[in-house]
Amino acid sequence: MRLLRRILAIAALAAGYGSILIGIGAVLMPGKMPFLSSGSRIVGMIALGLVSWWAGCRFANGSPRSVLNDHSRSRD
Amino acid sequence: MDLLLLILVAHPFAASLLWTSYGLVYLLSSRKTGSRNQEPDFDYSVIIPFHDEPDGALKTAWSLVTVCPQPQEIVLVDDGSAHGMPEDAKLPPGTRLLRLDRNGGKARALNAALRTLKTEIVVCLDADTTAISTDWQGMLGRFRDPAVGAISGKIWPVTRRGATQRLQQLDYASVIGLIKAAETTWGCLMTVSGAFVAFRRSALQAIGGWRETTATEDIDASWRLQSAGWRLGYDYRWIASVEMVPTLFGLWRQRRRWSMGMGRTMRDHFVSTLKPGACQVPVAILSSLNIVWVVLTLICAMTLVAPALGAPHPVSDDLVPTSGALLEYLLASAVLFGAQFLCAAAIQGRPLRTYAVLILVAPLYPLYFWGILYSSFLTGFPRGFLRQDLGRWRRTQRLSDPLRQEADA
């Protein structure tokens with residue numbers, strides 16, 4: 001199960017980064033990515049990449065909430 | 001070929017977009033935190049290692065007297081200084097001086113102090129660091145999660161003169177803090193800030209303490225902790241100031257040392273990223289891509305320079321950017337990196353007027369990047385990758401150094 005999570009994490013992170021790279025590439029190198037010809041498709045591709053990266057982080061490390069919050073409230 | 005070209009052109013933008021987006025997520029998530037109580041969570045101790053910098057170490061120790069809750073103990077570790085702490089130096093209450101007989105490096109000094117401490121949390125400060133935050137309760141509260149192994153504080157850069165220090169301030173304000181914030185939302189850190197960090201003592205003991213044969217004990221400890229499954233985080237409300245390096249050469253040497261440490265860490269701990277339970281997968285992937293990008297830019301530069309040296313033109317003309325494409329690239333850079341700067345400024349939490357001077361030096365940032373960061377990486381990373389460090393203290397240059405050298409003469 002842990003191995004599967006690790007594989008899923010790496011795959012999602014790679015897919016996330018790749019989507020963002022392609023989306024930005026479509027902006028910077030017009031004509032190189034004919035399937036991303038409209039602005040909305042480019043934005044969608046980048047958004048998909050960000051979500052996929054997030055999913056990869058969650059597969060790898062679970063929720064980051066414990067280090068984001070200082071837990072002071074939980075003791076009150 | 002197209003993939004490599006894509007990475008070459010778009011990687012800095014992709015990395016910036018990831019940091020900015022998740023920096024915003026960090027900002028929104030961490031503000032949800034509730035009110036803080038004043039009851040101490042854990043006892044903690046402070047270690048301040050130094051070498052030939054007794055005044056700085058004393059100043060750092062005295063900056064802790066207003067901190068709440070107070071540390072159980074402050075340990076000043078003199079790592080074989082030629083100019084050590086004077087016998088009559090006035091130490092803050094609860095401070096102990098530990099003298100080591102020879103210069104064995106920062107990691108050895110930290111390990112020597114760690115062996116004498118009993119508290120569960122150990123805070124490490126460099127001798128050029130001054131605590132700004134007086135409420136350390138929030139930082140201590142994060143250790144209530146038993147998986148948290150270390151919390152990195154926010155470094156606020158202190159500048160006194162010159163563009164060199166201003167550029168570092170820009171770097172800290174718009175890049176370094178933002179990256180740590182974004183990485184925290186990913187559940188890992190590339191590295192804690194060795195100048196201002198709190199560790200869980202049992203986590204450090206579990207990995208055998210700081211390693212003494214690396215140029216950067218903080219990067220090494222960060223990767224080993226995360227390989228062992230410990231979580232690291234960044235607390236943007238736990239703040240200390242650090243004096244920036246005053247000269248270009250001093251800065252280049254500091255950054256080369258960081259790159260050497262990175263090279264060593266990648267060599268020794270990259271494979272452990274694949275171990276079940278290791279936390280640093282996202283930063284390991286992004287670090288690898290950064291290295292790929294550096295290599296690609298080097299190859300690109302060589303192929304562009306080759307014709308000038310009489311070699312046949314190795315790239316086709318349609319790969320050479322037109323002036324229109326370059327303008328578009330610059331415009332996209334200004335938009336995205338401007339957004340990154342604004343997001344980073346929001347995380348820093350200072351009024352925007354604080355950044356007015358930084359906007360003036362911002363056009364110099366490309367020179368700083370290529371002249372200092374890039375070149376120091378090119379020389380430092382392979383050196384660290386291939387060679388073990390001697391474990392000697394390399395003091396970062398300070399503004400007061402020329403004055404002291406004159407006094408010694």
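Which helix and which strand of chain B each supply at least two residues of the lining of the largest cavity? Let me start there, hello everyone, and please keep in mind that this is a predicted model. The two elements are β6, residues 148-158, and α5, residues 162-186, both in chain B.

Here is some background on the cavities. Rolling a probe the size of a water molecule over the atoms shows where empty space is left. In our model the count is 2 cavities of 30 Å³ or more. The largest holds about 70 Å³ of space. If you want to select its lining on your screens, take B:G153, B:K154, B:I155, B:Y172, B:I176, B:G177, B:K180, B:S193, B:Y234 and B:Q348. Helix α5(B) gives the largest share of that lining, with 4 residues. By character, the lining splits into 4 nonpolar, 4 polar and 2 charged residues.

Now the second largest cavity, with about 30 Å³ of space. Its lining is made of B:A215, B:M260, B:G261, B:R264, B:G384, B:R387 and B:D389. Here helix α8 of chain B, residues 248-269, contributes the largest share, 3 residues. The split this time is 2 nonpolar, 2 polar and 3 charged.

One of those lining residues, B:R264, takes us to the next topic, because B:R264 also belongs to a network of salt bridges together with B:R211, B:D220, B:R224, B:R267 and B:D268. Side chains of opposite charge can pair when their charged atoms come close. Over all chains, the model has 15 salt bridges.

Let me walk you through three individual pairs. In one of them, B:K106 and B:E217 meet through their side chains at 3.1 Å, N to O. B:K106 sits in helix α3 of chain B (residues 106-114) and B:E217 in helix α7 of chain B (residues 217-227), so this contact ties together parts that are 111 residues apart in sequence. Both B:K106 and B:E217 are buried.

Next come B:R255 and B:D171, whose side chains form a salt bridge, also listed at 3.1 Å from N to O. This pair links distant parts of the chain, with B:R255 in helix α8 and B:D171 in helix α5 of chain B, 84 residues apart. You have met both helices already: α5 in the lining of the largest cavity, and α8 in that of the second largest. B:R255 and B:D171 are both buried.

The third pair is B:E87 with B:R99, where the closest N and O atoms are 3.4 Å apart. B:E87 is in the loop between β2 (73-79) and β3 (95-100) of chain B, while B:R99 is in strand β3, 12 residues apart. Is B:E87 buried or exposed? At a relative accessible area of 72%, B:E87 is exposed, and B:R99, at 40%, is partly exposed.

Last, two backbone details for those of you who like to check geometry. Most residues other than glycine have a negative phi, and most peptide bonds are trans. B:C68 and B:P69, however, are joined by a cis peptide bond, with omega about -5°. B:P69 is in the loop between α2 (54-62) and β2 of chain B. Then there is B:D52, with a positive phi near 60°. B:D52 lies in the loop between β1 (44-50) and α2 of chain B. Its relative accessibility is 13%, so B:D52 counts as buried, the cut-off being under 20%.

That's my tour, and thanks for listening!

Definitions and conventions
Residues are numbered from 1 along each chain as its sequence is written. Chains are lettered from A and ligands numbered from 1 in the order in which they are written. This is a predicted model: local features need pLDDT of at least 70, side-chain atom pairs count only at pLDDT 80 or more; totals for chains, interfaces and linings use all residues. Side-chain values use heavy atoms; hydrogens and water are left out. On a 1 Å grid over the protein atoms alone, a cavity is a set of points where a 1.4 Å probe fits but cannot get out, and a pocket is an open set with protein on both sides within 12 Å along at least five of seven lines; lining residues have an atom within 4 Å of a point. Grid points are joined across faces, edges and corners, and a volume is the space filled by probe spheres set on the points. Ala, Val, Leu, Ile, Met, Phe, Trp, Tyr, Cys and Pro count as nonpolar, Asp, Glu, Lys and Arg as charged, and the others, Gly among them, as polar. A salt bridge is a side-chain nitrogen of Lys or Arg within 4 Å of a carboxyl oxygen of Asp or Glu. Buried means under 20% relative accessible area, exposed over 50%, partly exposed in between (1.4 Å probe, protein chains only).
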